[in-house]
Amino acid sequence: MRALRCFQICCITLLFSQICISANDLQGHPVILVPGDGGSQIEGRLDKPTAVHYVCSKKTDYWFSLWLNMELLVPIVIDCWVDNMKLTYDNITRTTSNNLGVDIRIPDFGNSTSVEWIDPSKASAGNYFATIAESILKFGYERNVSLRGAPYDFRKAPNELQDYFVNTKALVEDTYSRTNGQKIIFITHSMGSPMILYFLNHQTQEWKNKYIKSWISLAGCWAGTIKALKVYAQGDNLGVRVLSETALREQQRTSPSLSWLMPSSMQWSPEEVMVQTSSRNYTIQDYQEFFLDIDFPLGYDMWQDTHPLVHELTAPGVEIHCIFGTGVDTAERLVYTKSTPLGKATIIMGDGDGTVNVRSLAACSKWVNEQSQPVYVQAFPKRDHMAVLYDPVILDYIQRVVAASQEGEAVR
């Protein structure tokens with residue numbers, strides 16, 4: 001409740017009527033789209049010694065779409081997908097590697113198309129940033145010039161993505177150059193928001209002042225989510241009812257990015273029960289025991305690697321528009337009648353966007369008093385985690401920010 005009251009105090013009401021825009025006189029700042037967990041296309045190529053099932057390929061002489069490819073997300077074939085997507089963690093080097101014989105690449109870095117549609121066939125289920133892209137292209141934006149994308153291997157956390165951040169910095173500077181010195185606007189979603197926070201926290205203020213105009217964060221998962229605990233314990237079927245959550249859990253658990261999204265002590269207190277069983281309760285202080293009890297001790301090692309990366313939520317030092325949904329039932333506590341936190345739980349719901357708890361979504365409000373650059377915080381009731389990418393009112397907000405007619409104008 002304390003975090004929610006803080007959010008309510010800091011929330012800034014947007015006066016849309018104060019800014020009038022016209023498509024004929026706008027010269028918008030270039031945009032870089034940064035996706036969240038599951039928001040980048042992934043391609044694979046195989047030369048494996050064995051296969052988990054006779055229907056699975058061991059060798060391909062070509063790159064093929066691994067994510068999002070709906071043809072692979074069907075019973076039996078899903079076992080092939082899991083084996084190709086899962087990572088192997090080395091708790092000595094503290095790094096992950098692809099499964100033996102699997103090469104992975106993230107296509108089209110720099111181009112917005114691979115984050116507009118995560119399904120290359122452009123099936124409706126794969127619409128990610130496409131609606132946002134189309135809404136601003138009408139203002140004269142051009143793909144791969146003033147509208148760009150920065151996809152990444154979303155299975156990993158920032159500690160394993162240093163090459164990505166080098167490339168992102170180069171992308172910002174290249175986009176600035178291509179658009180005659182126009183500052184950049186980041187638009188991020190979900191896990192992409194703490195990813196770019198990590199990036200900005202590692203740049204000088206001089207660099208940020210020169211290259212970054214603003215940042216629009218949509219449904220930022222700033223301080224983790226209870227859903228990460230559910231995925232570790234139960235798995236997530238990606239909304240496909242015929243798929244086994246347990247089978248998918250085998251892959252999902254191997255992603256360090258999942259440990260990075262565990263609830264943070266910045267927003268959850270040591271006394272607050274997050275997982276309840278017949279024999280014990282688990283709080284923010286019991287992660288090691290939680291991972292031992294779900295028979296995945298490596299998860300605790302991954303959490304130790306990743307939780308400090310943006311734990312303090314250091315202010316980004318750029319103008320930010322923090323947008324998110326509220327008022328949607330969101331997992332607040334997992335309750336098990338048995339003694340171990342495995343399998344299906346009774347879920348006690350709280351406030352959030354259906355995926356991320358409101359206290360995490362609203363954690364950006366702390367920056368109002370921590371940086372000189374403007375911080376705009378806006379909650380939209382009854383919009384879920386994905387709806388913020390398509391909602392007409394939020395699209396209108398985005399247009400007002402990215403299509404500013406002159407340097408220094410802000411939505412207020």
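Start by selecting Cys-221, which counts as buried because its relative accessibility is 4%. You are looking at a predicted model, so treat each stop on this tour as a feature of that prediction. Now show the cysteine sulfurs and look for a partner. The closest cysteine sulfur to that of Cys-221 belongs to Cys-322, 12 Å away, which is too far for a bond.

**The two disulfides**

Since Cys-322 is already in view, stay with that residue. Which cysteine does Cys-322 form a disulfide with? Select Cys-364: the two sulfur atoms are 2.0 Å apart. Turn the view to look along the bond, and you will find a left-handed link, with -90° about the S-S bond. This pair links distant parts of the chain, with Cys-322 in strand β12 (residues 320-326) and Cys-364 in the loop between α13 (358-361) and β15 (375-381), 42 residues apart. Switch on a surface and check both ends: Cys-322 and Cys-364 are both buried.

How many disulfides does a search of the whole structure find? The count is 2, so there is one more stop to make under this heading, by the 2.5 Å sulfur-to-sulfur cut-off. Select Cys-56 and Cys-80, which are joined with an S to S distance of 2.0 Å. This link is left-handed too, with -80° about the S-S bond. Cys-56 sits in the loop between β2 and β3, while Cys-80 belongs to helix α2 (residues 77-85), so the bond ties together parts that lie 24 residues apart in sequence. Cys-56 is buried at a relative accessible area of 12%, and Cys-80 is buried as well, at 9%. If you number the bonded cysteines of the protein chain in sequence order, the pairing reads 1-2, 3-4.

**A step along to the surface**

From Cys-56, move to Val-55, which lies in the loop between β2 and β3. Is Val-55 buried or partly exposed? With 38% relative accessibility, Val-55 counts as partly exposed. Add Tyr-54 and Ile-76 to the selection: together with Val-55 they form a nonpolar patch on the surface, with about 360 Å² of accessible area among the three.

**Into the interior at Ser-40**

Next, select Ser-40, placed in the loop between β1 (31-34) and β2 (42-46). Although Ser-40 is in a loop, its relative accessibility is 0%, so this serine counts as buried. What does the side chain of Ser-40 reach? Draw a distance to the backbone oxygen of Tyr-152, and you should read 3.1 Å. Then show the surroundings: leaving aside residues up to four places away in sequence, Ser-40 touches Pro-35, Trp-67, Ile-106, Ile-118, Pro-151, Tyr-152 and Phe-154.

**Helix α8 and its cover**

For the last stop, select residues 226-234, helix α8. This helix is mostly covered, with 8 of its 9 residues buried. Among the buried ones are Ile-226, Leu-229, Lys-230 and Tyr-232. Colour the elements that cover these buried residues: they include α9 (245-252), α10 (256-260), β10 (275-276), α11 (287-293), β13 (330-335) and β14 (346-350).

Finish with the two ends of the helix. At the start of α8, zoom in on Thr-225, where a side-chain oxygen comes within 3.1 Å of the backbone nitrogen of Lys-227. Then travel along the helix to Gly-235, just after α8, which takes a positive phi of about 90°.

Technical notes. Residues numbered from 1 in each chain as written. Predicted model: local features only at pLDDT ≥ 70, side-chain atom pairs only at ≥ 80, totals over all residues. Heavy atoms only, no water. Helix = DSSP H or I, 4+ residues; strand = E, 2+ residues; numbered from the N terminus. Buried < 20%, exposed > 50% of the residue type's maximum accessible area, 1.4 Å probe, protein only. Polar contact = N/O pair within 3.5 Å; in protein donor to acceptor, adjacent residues only side chain to side chain. Contact = heavy atoms within 4.5 Å. Patch = residues over 30% accessible without salt bridge, like charges linked within 9 Å, V, L, I, M, F, W, Y side chains within 5 Å. Areas by Shrake-Rupley, 256 points an atom, 1.4 Å probe, with all protein chains shown as cover. Salt bridge = Lys/Arg side-chain N within 4 Å of Asp/Glu carboxyl O.
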